[in-house]
Structures are given as C-alpha cells and as structure tokens.
Amino acid sequence: MTCIFLDESGDLGFSKHSTRWFVITIAIVSDFRSLERCVKKIWHSLPEKYKKHGELHANYHDDITRKKMLKELVRIGDLKILYAVINKMNVPIEKRNEENLYTYTTRVLLDKAQSLGLIYSGEQVNLCADK
C-alpha cells in the first residue's frame with residue numbers, strides 16, 4: 001500500500017503578521033515503517049534540549065541534525081517527495097480563504113503525484129497529515 005505523509009510550513013493567514021510563504025510537502029513511500037524508522041533513529045540520537053518541541057522540525061534543530069536526517073532519508077529507496085511553494089502575496093483576494101488554499105494546494109500535489117505515476121486511481125492510499 002502506498003503511504004503519503006503530508007506536512008506544511010508557514011501559515012494560511014493573510015494578516016501583516018502572517019508568513020509570506022506557504023509550503024506543503026508530501027513524502028510518498030510504499031512502507032510507512034521505513035520513514036518511521038528513519039525519524040525514530042534521528043529522534044533517539046538527539047540531546048534532550050532538542051526534544052522540547054516534541055517533534056522533529058528543521059527550524060528547531062541544528063545543521064548536524066538536518067544533515068543526519070537527509071542522509072537517512074536518502075537510504076529509503078522508494079521515497080518520492082513533491083512540494084508546492086506559494087507566495088501568498090500572489091494569491092488573489094477572492095481566493096484567500098484558508099481552508100480552500102490548503103485543500104487546493106493539497107489536491108494539486110496529489111494530482112501531480114498521480115500524473116507522475118506515483119499513485120494510481122483506485123489504489124488504496126494511507127494518508128498521514130501532520131497535526
């Protein structure tokens with residue numbers, strides 16, 4: 001079964017305090033355990049001071065940890081990664097509904113994965129989204 005992990009960076013708001021960029025990334029693997037093992041391996045190697053956020057997040061960790069994570073990800077033979085980067089300043093005012101932007105961007109990524117043959121119509125897919 002194909003497994004898709006989805007995560008976003010930035011926020012969906014459009015106020016002066018909001019981020020300029022919104023990014024959604026999907027990681028596609030055939031065995032979710034391979035990605036889970038990769039994350040656990042890095043997590044367990046972290047000093048306690050880096051665990052205070054409760055998750056691996058590139059923004060919270062140092063270059064050494066980010067490089068270790070990338071080296072582990074490379075070892076997952078069938079890992080495919082797709083992402084969408086949105087400059088929110090270019091989003092028309094009538095399209096600035098947060099739920100619609102998230103849903104639309106996710107749908108674009110999943111459609112792209114299907115058009116690239118990474119997922120198939122009718123195929124059972126396990127989708128895990130970040131909290």
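Is E72 buried or exposed? In this predicted model, E72 is buried, with a relative accessible area of 14%, and this value falls on the buried side because the limit for that class is under 20%. E72 nevertheless takes part in a salt bridge with R75, in which the closest N and O atoms are 3.4 Å apart. R75 itself counts as exposed, at 61% relative accessibility, so the bridge joins a buried residue to an exposed one. The pairing extends further, since salt bridges that share partners bring K41, E72 and R75 together in one network.

The structure holds six salt bridges in total, and side chains of opposite charge can pair when their charged atoms come close. Another of the bridges links E36 with R33, where the closest N and O atoms are 3.0 Å apart. These two residues both belong to helix α1, which covers residues 32–45, and because they are three residues apart there, about one helical turn separates them. E36 is partly exposed, with a relative accessible area of 30%, and R33 likewise counts as partly exposed, at 43% relative accessibility. A further bridge is formed by R37 and D31, whose closest N and O atoms are 3.9 Å apart; here D31 is partly exposed, its relative accessible area being 33%.

From the charged pairs we can turn to the interior. In soluble globular proteins, nonpolar side chains tend to be buried together. The largest nonpolar core in this model has 15 residues, and those with the most contacts inside it are I26, L109 and A113. Two or more residues of this core come from each of β1 (2–9), β2, β3 and α3, with β2 giving the largest share, four residues.

Strand β2 also takes part in the one aromatic pair that the structure holds. This pair consists of F22 and Y102, with 6.3 Å from centre to centre and 50 degrees between the planes, and it is tilted; the angle is given this name because tilted pairs are those that are neither under 30 degrees nor over 60. F22 lies in strand β2 (residues 21–29) and Y102 in helix α3 (residues 98–115), so the pair ties together parts of the chain that are 80 residues apart in sequence. The two partners differ in their exposure, for F22 is buried, with a relative accessible area of 1%, whereas Y102 is partly exposed, at 24%. A second kind of ring contact involves F14, over whose face K88 lies, at 5.6 Å from the ring centre.

The surface has a nonpolar feature of its own. W21, I81, Y83 and V85 form a nonpolar patch there, and together they have about 440 Å² of accessible area. Strand β3 (residues 80–87) provides the largest share of this patch, three residues, while W21 has its place in strand β2. W21 counts as partly exposed, at 42% relative accessibility, whereas F22, which also lies in strand β2, is buried.

Finally, G117 is found in the loop between α3 and β4 (125–129), where it counts as partly exposed, at 26% relative accessibility. The C-alpha atoms of G117 and H17 are separated by 39 Å, and these two residues are 100 residues apart along the chain.

How values were computed:
Residues numbered from 1 in each chain as written. Predicted model: local features only at pLDDT ≥ 70, side-chain atom pairs only at ≥ 80, totals over all residues. Heavy atoms only, no water. Phe/Tyr/Trp six-rings, centres within 6.5 Å; stacked < 30°, edge-to-face > 60°. Buried < 20%, exposed > 50% of the residue type's maximum accessible area, 1.4 Å probe, protein only. Lys NZ or Arg CZ within 6 Å of the ring centre and 35° of its normal. Patch = residues over 30% accessible without salt bridge, like charges linked within 9 Å, V, L, I, M, F, W, Y side chains within 5 Å. Areas by Shrake-Rupley, 256 points an atom, 1.4 Å probe, with all protein chains shown as cover. Salt bridge = Lys/Arg side-chain N within 4 Å of Asp/Glu carboxyl O. Core = buried A, V, L, I, M, F, W, Y, C linked by side-chain atoms within 4.5 Å.
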